[in-house]
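The following exercises concern strand pairing and ring contacts. Each task is followed by a worked solution.

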Amino acid sequence: MYAVIATGGKQYKVAEGDIIRVEKLGAEDGAKVVFENVIAISNDNDVLVGDKVANSRVEATVLKTAKAKKVTVYKYKPKKGHHKKNGHRQPFTEVKIEAINA
């Protein structure tokens, strides 16, 4: 059984026991979170979408909140002597999927 959930402007295909990284949620480590924006659920070779998954939920536990590896951004204008080096570390929340309630 798997579900497709939407959070942080992205969609994720999850199953029970999966560990995924989503955009930062703002929850404490060890807290329970519920994803109510379920797009689709598959069970026994049948895919449910639309009104059939309106009351579905995916429950998860927050494992940690951290920052990803640094991405280097380098801007350069040829023949002008202009260059700018910058870095970015995107925050994320790592969650473990506990249950899919259809």
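Two strands count as paired if DSSP finds at least two bridges between them. The model examined here is predicted.

**Exercise 1.** Determine how many bridges join E4 and E7, and in which sense these strands pair.

*Solution.* Step 1: E4 and E7 are linked by four bridges, and the cut-off for a pair is at least two. Step 2: the sense of this pairing is antiparallel. Step 3: one residue pair can be located, since phenylalanine 35 has valine 58 in E7 as its bridge partner.

**Exercise 2.** Identify the strands with which E10 pairs, beginning with E3 and continuing with E7.

*Solution.* Step 1: E3 (residues 19-23) pairs with E10 (residues 91-101) through five bridges, in the antiparallel sense; isoleucine 20 stands opposite valine 95 in E10. Step 2: E7 (residues 57-67) is joined to E10 by ten bridges, and these two strands also run antiparallel. Lysine 64 faces glutamate 94 of E10 across the pairing.

**Exercise 3.** State the strand order of the open sheet and explain why E3 and E4 stand at the edges.

*Solution.* Step 1: the four strands follow the order E3-E10-E7-E4, with antiparallel pairing. Step 2: E3 and E4 (32-35) each have a single partner strand, so one side of each lacks a neighbour in the sheet. Step 3: from one strand to the next, the twist averages 45°.

**Exercise 4.** Establish how many aromatic pairs the structure holds, and which residue lies over the face of tyrosine 2.

*Solution.* Step 1: the number of aromatic pairs is zero. Step 2: lysine 13 is positioned over the face of tyrosine 2, at 4.4 Å from the ring centre; the distance cut-off for such a contact is within 6 Å.

How values were computed
Residues numbered from 1 in each chain as written. Predicted model: local features only at pLDDT ≥ 70, side-chain atom pairs only at ≥ 80, totals over all residues. Heavy atoms only, no water. Axes fitted to C-alpha atoms, helices over the stretch in contact; angles between N-to-C directions. Phe/Tyr/Trp six-rings, centres within 6.5 Å; stacked < 30°, edge-to-face > 60°. Lys NZ or Arg CZ within 6 Å of the ring centre and 35° of its normal.
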